[in-house]
Amino acid sequence: MFTQTDYSGTRAEQYSMLGKQLDALLTGETNRVANLSNAAALLNQFLERINWAGFYLMEEGELVLGPFQGLPACVRIQVGRGVCGTAVSEKKTMLVEDVHQFPGHIACDAASRSEIVIPLIQDGEVLGVLDIDSPELSRFTEEDQEGLEAFTEILMRHI
């Protein structure tokens, strides 16, 4: 059973606790959709000042909407297009302080101002991305990036 935790300590310690929660929550479950759904829900309750947290999964050469928390979203994103598609094509995390300054940004939610996208890579292949949006400019920091990249490493052991 999941118990909501009071995240205390440094931001690094909070992310460490989040990773432990994720690992415990997903251990023993092999269903990919269930695990991605719980990961999105866990991020939604952990992260403050966000308006969307979820996954896009590679399917037939494009990103397709997967489990998420937030308003309805764009269903399909071409590789190389927008922040998510760029993260896939470059196989690297995209931390965007102002999405309106990002060439080709796809505005699924007009309220979003900043975004972080982390590719989910297994055996050198991108399986999808973790996408998190915020209505605040410059919401995500390098510390968030490190914590969320560690989160996705744990997640990849369970999907």
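# Why the terms fit: cores, a disulfide and a cavity

Modeller: The largest nonpolar core in this predicted model has 28 residues, and Leu43, Phe55 and Ile132 have the most contacts inside it.

Colleague: Before we go on, how are the residues numbered, and what has been left out of the side-chain values?

Modeller: Residues are numbered from 1 along each chain as its sequence is written, and side-chain values use heavy atoms, without hydrogens and water. As this is a predicted model, local features need pLDDT of at least 70 and side-chain atom pairs count only at pLDDT 80 or more, while totals for chains, interfaces and linings use all residues.

Colleague: Thanks! What makes a set of residues a nonpolar core?

Modeller: The set must consist of buried Ala, Val, Leu, Ile, Met, Phe, Trp, Tyr and Cys residues joined through side-chain atoms within 4.5 Å. Buried means under 20% relative accessible area, exposed means over 50%, and partly exposed lies in between, with a 1.4 Å probe and protein chains only. In the largest core, α1 (11-26), α2 (32-46), β1, β5, β6 and α4 (142-156) each supply at least two residues, and α2 gives the largest share, 6 residues. Those elements are DSSP runs numbered from the N terminus: helices are H or I with at least four residues, strands E with at least two.

Colleague: Which residues does Leu43 touch?

Modeller: A contact is heavy atoms within 4.5 Å. Leaving aside residues up to four places away in sequence, Leu43 touches Leu18, Ile50, Ala53, Leu130, Ile132, Leu148 and Phe151. There is also a second, separate core of 17 residues, which includes Val83, Cys84, Met94 and Phe102.

Colleague: Let's turn to the cysteines. How do you know that Cys74 and Cys108 form a disulfide?

Modeller: A disulfide is a pair of cysteine sulfur atoms within 2.5 Å. Cys74 and Cys108 have their sulfurs 1.9 Å apart, so the pair meets that cut-off. The structure holds 1 disulfide.

Colleague: Why is the disulfide of Cys74 and Cys108 called left-handed?

Modeller: The torsion about its S-S bond is about -125 degrees, so the disulfide is left-handed. Cys74 lies in the loop between β2 (62-70) and β3 (76-78), and Cys108 in the loop between β4 (94-96) and β5 (114-122), so the bond ties together parts that are 34 residues apart in sequence.

Colleague: And why are Cys74 and Cys108 called partly exposed?

Modeller: Cys74 has a relative accessible area of 21% and Cys108 one of 33%, so each falls between the two accessibility cut-offs.

Colleague: How do you know that Cys84 is in no disulfide?

Modeller: The nearest cysteine sulfur, that of Cys108, is 7.7 Å away, so the pair misses the disulfide cut-off. Cys84 has a relative accessible area of 4% and is therefore buried.

Colleague: What makes α3 mostly covered?

Modeller: Of its 9 residues, 7 are buried: Gly82, Val83, Cys84, Gly85, Thr86, Ala87 and Val88. These buried residues pack against β1, β2, β3, β4, β5 and β6.

Colleague: What makes Lys91 stand out just after α3?

Modeller: Lys91 has a positive phi of about 50 degrees although it is not a glycine. Most residues other than glycine have a negative phi. Lys91 sits in the loop between α3 and β4 and, at 45% relative accessibility, counts as partly exposed. Ser138 also has a positive phi of about 50 degrees without being a glycine; its place is the loop between β6 and α4.

Colleague: Finally, what makes a space a cavity?

Modeller: On a 1 Å grid over the protein atoms alone, a cavity is a set of points where a 1.4 Å probe fits but cannot get out, and lining residues have an atom within 4 Å of a point. Grid points are joined across faces, edges and corners, and the volume is the space filled by probe spheres set on the points. The count is 1 cavity of 30 Å³ or more, and the largest cavity has a volume of about 170 Å³. Its lining has 19 residues, with Ile106, Cys108, Glu115, Asp131 and Asp133 closest to the centre.

Colleague: Which element gives the largest share of that lining?

Modeller: That is α3, with 4 residues.

Definitions and conventions:
On a 1 Å grid over the protein atoms alone, a cavity is a set of points where a 1.4 Å probe fits but cannot get out, and a pocket is an open set with protein on both sides within 12 Å along at least five of seven lines; lining residues have an atom within 4 Å of a point.
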